[in-house]
Amino acid sequence: MPFEISRLDYDYNALEPYIDAQTMEIHYTKHHQGYTDKLNTAIQKMVDDPKIETDIDTKTIEQILENISSEVAIIRNNAGGFYNHNLFWNVMSPDGGGEPTGELASAIEKSFKGFEQFKTIFSEAAKTRFGSGWAWLVKKSDGTLAVTSTPNQDNPLMDAVPADEQGTPILCLDVWEHAYYLKYQNKRPDYIENWWNIVDWEEVSKKYE
Ligand code: MN
C-alpha cells in the first residue's frame with residue numbers, strides 16, 4: 001500500500017496570521033506530497049529490483065523509521081519527510097495556543113520544572129538547529145519527556161539518529177526555511193514565537209497518553 005499524506009483538518013489560511021496560506025499550500029501540496037511520492041517510488045523500485053531482497057513494502061512507517069540505519073539515504077530522507085509532516089499538521093490548530101492541562105501538564109512540570117521553562121528549552125532547540133531540521137518533544141520509554149532537535153528529515157524514532165534524545169515524538173516544529181521564509185524571511189525566532197499560538201495541546205495530550 002503506498003503511503004498517503006494525512007488530510008488537513010483546517011484550511012490553508014486557518015493558521016493565519018501565524019502561518020500564511022501560501023506557505024501552508026506549498027508546504028502541504030508540494031513539499032510533503034513530494035517526500036511522500038519519492039518514498040513510494042523508492043519503495044516500489046526496491047520491490048521491483050530482483051537484486052534486492054526487501055520486505056519494506058510490508059512495514060509501517062514507524063517500523064521503517066525504527067530500522068532506518070539499514071536503509072539507503074533516499075528512504076531515510078523521504079520516510080522522515082512523510083512522517084514528520086503528518087505529525088506537524090496534526091499538532092497545529094486554529095483553536096490552538098494556551099497551555100496543556102491534565103497528565104501532559106504534570107509531565108511537563110516534572111520533566112522541565114514548568115511550562116515556561118519547557119517553552120524556552122524547546123524554542124532554543126528550534127532556533128539553534130543549524131540549517132534545515134526539526135525541534136521535538138518526545139516521550140521516552142520511562143514516560144518522562146525530553147526536547148531534542150534533528151537535522152534534515154531525521155527524527156527521534158530513527159535508530160542511529162544524530163539526536164541526543166530518542167523517543168516517541170508528540171510535538172514537532174519544522175524549521176526548514178520552506179516552512180516560514182515567505183512570511184518571516186530570515187527571522188526564524190519570530191516564526192517560532194508565533195507558532196506557540198497554534199499548538200494543539202489537546203492533540204499533543206492524546207499522543208502523550
Ligand atoms: Mn517541511
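Helices here are DSSP runs of H or I with at least four residues, numbered from the N terminus. With that in mind, Lys187 can be placed in the loop between α6 (181-184) and α7 (188-195). Please keep in mind throughout that this is a predicted model.

## Overall architecture

Let's start with the whole chain. The protein contains 8 helices and 3 strands, and from the N terminus on, their order is α-α-α-α-α-β-β-β-α-α-α. Its radius of gyration is 17 Å, close to the 17 Å that the globule rule gives for 209 residues, so the protein is as compact as a globular protein of that length. Taken along the principal axes, the C-alpha atoms fill a box of roughly 55 × 40 × 30 Å.

Two further values describe the packing. Of the 209 residues, 50% count as buried. Among contacts between residues at least 6 apart in sequence, 65% join residues at least 24 apart. As for the outside, the accessible surface comes to about 10500 Å², and 46% of that area belongs to carbon and sulfur atoms.

## The manganese site

Next comes the metal. The manganese ion is coordinated by four residues at 2.0 to 2.1 Å: His27, His85 and His178 each through NE2, and Asp174 through OD. Along the chain these donors follow the spacing H-x57-H-x88-D-x3-H. The pair of His85 and Asp174 links distant parts of the chain, with His85 in helix α3 (residues 73-90) and Asp174 in strand β3 (residues 168-174), 89 residues apart. His85 has a relative accessible area of 0% and is therefore buried. Asp174 is buried as well, with a relative accessible area of 0%.

## Two helices that carry donors

His27 brings us to helix α1. This helix covers residues 21-48, 28 residues in total, and reaches 39 Å from its first C-alpha to its last, close to the 40 Å expected at 1.5 Å a residue. Helix α1 also has a kink of about 35 degrees, centred on His27, and His27 is one of the residues that coordinate the manganese ion.

Helix α3, where His85 sits, can be checked in a similar way. At 1.5 Å a residue its 18 residues should span 26 Å, and its end C-alpha atoms are 26 Å apart, which agrees. Of those 18 residues, 13 are buried, so α3 is largely enclosed by the rest of the structure.

## Loops and backbone details

Some residues outside the helices and strands deserve a look too. The table gathers several loop residues with their accessibility; a residue counts as buried under 20% relative accessible area, exposed over 50%, and partly exposed in between.

| Residue | Relative accessible area | Class |
|---|---|---|
| Asp55 | 43% | partly exposed |
| Ser93 | 10% | buried |
| Lys113 | 69% | exposed |
| Asn152 | 41% | partly exposed |
| Lys187 | 37% | partly exposed |

Asp55 is found in the loop between α1 and α2 (61-66). Its C-alpha atom is separated by 9.6 Å from that of Ile43, 12 residues away along the chain.

Ser93 belongs to the loop between α3 and α4 (102-112). Which residues does Ser93 touch, not counting those up to four places away in sequence? They are Leu15, Ile198 and Asp200. At a relative accessible area of 10%, Ser93 falls under the 20% cut-off and so counts as buried.

Lys113 lies in the loop between α4 and α5 (115-128). Its phi is near 65 degrees, a positive value in a residue other than glycine. Asn152, in the loop between β2 (145-151) and β3, also has a positive phi, of about 55 degrees, although it is not a glycine.

Back to Lys187, where this report began. Lys187 and Lys127 are 60 residues apart in sequence, and their C-alpha atoms are 9.8 Å apart in space.

One more backbone feature is worth a visit in your viewer. The peptide bond from Glu16 to Pro17 is cis, with omega near 5 degrees, and Pro17 lies in the segment before α1.

Methods:
Residues are numbered from 1 along each chain as its sequence is written. This is a predicted model: local features need pLDDT of at least 70, side-chain atom pairs count only at pLDDT 80 or more; totals for chains, interfaces and linings use all residues. Side-chain values use heavy atoms; hydrogens and water are left out. The expected span of a helix is 1.5 Å times one less than its number of residues. The bend at a residue is the angle between axes fitted to the seven residues ending there and the seven starting there. Donors are N, O and S atoms within 2.8 Å of the metal (3.2 Å for Na, K and Ca); water is not among the atoms, so sites may look incomplete. Buried means under 20% relative accessible area, exposed over 50%, partly exposed in between (1.4 Å probe, protein chains only). The radius of gyration is taken over C-alpha atoms; the globule rule is 2.2 Å times the number of residues to the power 0.38. Contact means heavy atoms within 4.5 Å. Accessible areas come from the Shrake-Rupley method with a 1.4 Å probe; for residues, only the protein chains shown count as cover.
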